[in-house]
Amino acid sequence: MQQGVIFVFSSFDFMAKYKFFLLVLLCLVLMKVAKAQLFSRGDSLRGQITSLRACYDVLQYQIDVKFAYLDGVRVKDTTAYPIEGAVKFVAVNMQDYKRLQIDLFAHFIIDSIVSNGSQLAFTREVNAVFVDFSHVQKKGGKQEFKVFYRGNLIIAKRAPWDGGFIFTTDSAKNPWIGVACEGFGASSWWPCKDHLSDEPDSGVVLNIHIPQKSGLMAVGNGQLTSRKTKDDWEIFTWEVKNPINTYNVSVNIGDYRHYSDVYVSTDGESRQLDYFVLAYQLDVAKSHFKQVVPMLQCFERVFGPYAFWQDGYKLVETPYWGMEHQSAIAYGNNYRNNKWGFDFIIIHESAHEWWGNSVSVADHGDMWIHEGFTTYAEAIYLACENDRSIANRYLLEQRERIALKQPMVGPYDVNFTDTDTDVYFKGAWMLHTMRNSLNNDSLFFSYLKTCYQQFYKQVTNTHEMLDFWMLKMGENYRPAWEHYLYKTQLPVLTWEKRVRRKKAKWYYKYEEVGDDFYLPIALTAGQLIKPKTAWQVYEGDFDAALQTALNQQYLLEIRVRGSL
Ligand SMILES: [Zn+2]
């Protein structure tokens, strides 16, 4: 009987487990189908580092691109702008291989791919191009080939957000051209290995060809090393010596005027700052761009030296809002300061030279490292220029924009660019929270500086960044960092008032977190509490002032049970 009962129960147990297993399996299959629908073959070809891409490491790109039509009317009314160009890849072989992958949007025609004077065979799938060599390319050997291509540039509808070229005229009716392609991809206008993990170690040579008769100027990244005429063309050669993300390579064509300023860097060297602005904006630019010097002083002092003096620091006026184009920052904010007294585009895009261009990520899924540190840099700049209380007010405005709809770390290997603004504002607030929890600014800023040094001119990821901060702050902080990065629900700090014999006492604990969640809270009275997931008694009064103070310093959801 007893055995029978046991048998009945275990049979029931087995069936329930079996059904549960089937249900889980069904969910997994459905999730996989949903994911497969979310990301295409093209996303994987672009986002994944297969052996066809890992087999070579790019050392340098030499880009030639011809902009044939610079007639004002034609530029402004264009819906399709044809270019022709050639890109030479200089790379080192990381493996033996006979085939490699490069990227170029499918609508471009590739006339030929040439290596050592002979044409290479190639096939195409979506925006990937597979190049075949007749012999095995040996590991350690140097690779050089040149891709000749032509086709229509993609016109951006909402630059810099959707990506593509902008063709317009300035107020004096001169043609004005720019490009912004972060996420969308540099392969939307030039062939390259279009993946964040491979920055050309020795940079880029960018030859921009424009009709000589246009009288316009072409501005690219780095230094102008030559300006010469050939037949009817004027060729501007811009050179970047440092590693650079492909999306940062930029073309600007317009009626530019150049002026420069001098800045004494933290290393004591006098550095030249360069500005390329529309001819009629020269006077306003000279006065408005004065904020660049104190900004550079602040960022160099707080983060460490500017990484790209060899390539220069430069602002280039653009027909779109802005972009962190390395050593040629796109500026299109119409010389306007915000209510905080600074020009958002100058400060934000320049901060990217530290966080995004020097410290870069290998996959768009880790974009919070570019945007979170950069957004926090805005508050740091305000604190440099004013004081911490103004920076705190600025941060509180940013906090309002935290959406909590998707995790900060996105999926890898699919060129995921569908991030919302949490990589900016929640990213900044996670750093702010950690700083306040540490409750020692000199320590926090020494870690921040070391972090910049550690990843200086390198490509990193969330995993390495977390390991760095755990080494500094202590391993017990890991669950809190991970909570902010991977979960959408904020950690909850609950306060509960209990009254016994007419005497009130406040208790506190964390909720919606794991038991190992560790985030000490420094209270205004200089008191440090270490909430856990079990109740602890608070030796004081929890009041509205304390609640406000906590909201200014910590990204937590504060729940209060009982009246204040
Ligand atoms: Zn940004």
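This is a selection-by-selection tour of a predicted model.

**Before selecting anything**

Residues are numbered from 1 along each chain as its sequence is written, and side-chain values use heavy atoms, with hydrogens and water left out. Because the model is predicted, local features need pLDDT of at least 70 and side-chain atom pairs count only at pLDDT 80 or more, while totals for chains, interfaces and linings use all residues.

**Whole chain**

Show the protein as a cartoon. There are 14 helices and 28 strands; helices (H or I, at least four residues) and strands (E, at least two) are DSSP runs, numbered from the N terminus. Along the principal axes, the C-alpha atoms fill a box of roughly 95 × 70 × 45 Å. Of the 564 residues, 53% count as buried (under 20% relative accessible area, with exposed over 50% and partly exposed in between, for a 1.4 Å probe and protein chains only). Among contacts (heavy atoms within 4.5 Å) with a separation of 6 or more, 68% are between residues 24 or more positions apart.

Now colour by pLDDT, the predictor's confidence in each residue, from 0 to 100. The mean is 93, and 93% of the residues reach 70 or more. Select residues 1–12: pLDDT is below 50 here, and the stretch has 0 contacts beyond near neighbours in sequence. Residues 32–36 are also below 50, again with 0 contacts beyond near neighbours in sequence. Where pLDDT is low, the predicted coordinates should not be read in detail.

**Stop 1: the sheet β3-β7-β6**

Select 97–103, 121–125 and 128–137. These are β3 and β6, and β7. They form an open sheet of 3 strands in the order β3-β7-β6, with antiparallel pairing; two strands pair if DSSP finds at least two bridges between them. The edge strands are β3 and β6, each pairing on one side only. Neighbouring strands are turned by 25° against each other on average, direction ignored. (Axes are lines fitted to C-alpha atoms, for helices over the stretch in contact, and angles run from 0 to 180 degrees between N-to-C directions.) β3 and β7 are joined by 6 bridges in the antiparallel sense. For one of the bridge partners, show Arg99 and look across to Asp132 in β7.

**Stop 2: the sheet β16-β17-β18-β20-β19**

Move to the open sheet of 5 strands, ordered β16-β17-β18-β20-β19, with mixed pairing. Select 256–264 and 322–323: β16 and β19 stand at the edges with a single partner strand each, so one side of each is left without a neighbour in the sheet.

Next select β17 (270–278) and β18 (313–317), which run parallel and are joined by 4 bridges. Asp274 stands opposite Lys314, and Tyr275 stands opposite Leu315. On its other pairing, β18 meets β20 in the parallel sense over 3 bridges, with Val316 opposite Ala330 in β20.

Keep β18 selected and show its side chains. How many of its residues are buried? The count is 5 of 5. Tyr313, Leu315 and Glu317 are buried on one side, and Lys314 and Val316 on the other.

Add the helices. Helix α6 (292–302) lies across β16, β17 and β18, at about 45° to β16. Helix α7 (344–351) touches β18, β19 and β20 (329–331), and its direction makes about 165° with that of β20.

**Stop 3: α8, α10 and Gln398**

Select 368–385 and 422–438. The axes of α8 and α10 come within 7 Å and cross at roughly 65°. The crossing is right-handed (the near helix is turned clockwise from the far one by less than a right angle; anticlockwise would be left-handed). Among the residues that meet are Trp368, Phe373 and Tyr376 in α8 and Phe425, Met430 and Leu431 in α10. By class, this contact has 9 nonpolar, 4 polar and 2 charged residues. (Ala, Val, Leu, Ile, Met, Phe, Trp, Tyr, Cys and Pro count as nonpolar, Asp, Glu, Lys and Arg as charged, and the others, Gly among them, as polar.)

Now select Gln398, in helix α9 (388–399). Is Gln398 buried or exposed? Gln398 is buried, with a relative accessible area of 3%. Leaving out residues up to four places away in sequence, Gln398 touches Thr375, Glu378, Phe425, Ala428 and Trp429.

**Stop 4: α11 and α12**

Finish with 441–454 and 462–473. The axes of α11 and α12 come within 11 Å and cross at roughly 145°, in a right-handed crossing. Residues that meet include Phe444, Tyr447 and Leu448 in α11 and Phe468 and Trp469 in α12. The contact has 8 nonpolar, 2 polar and 1 charged residues.
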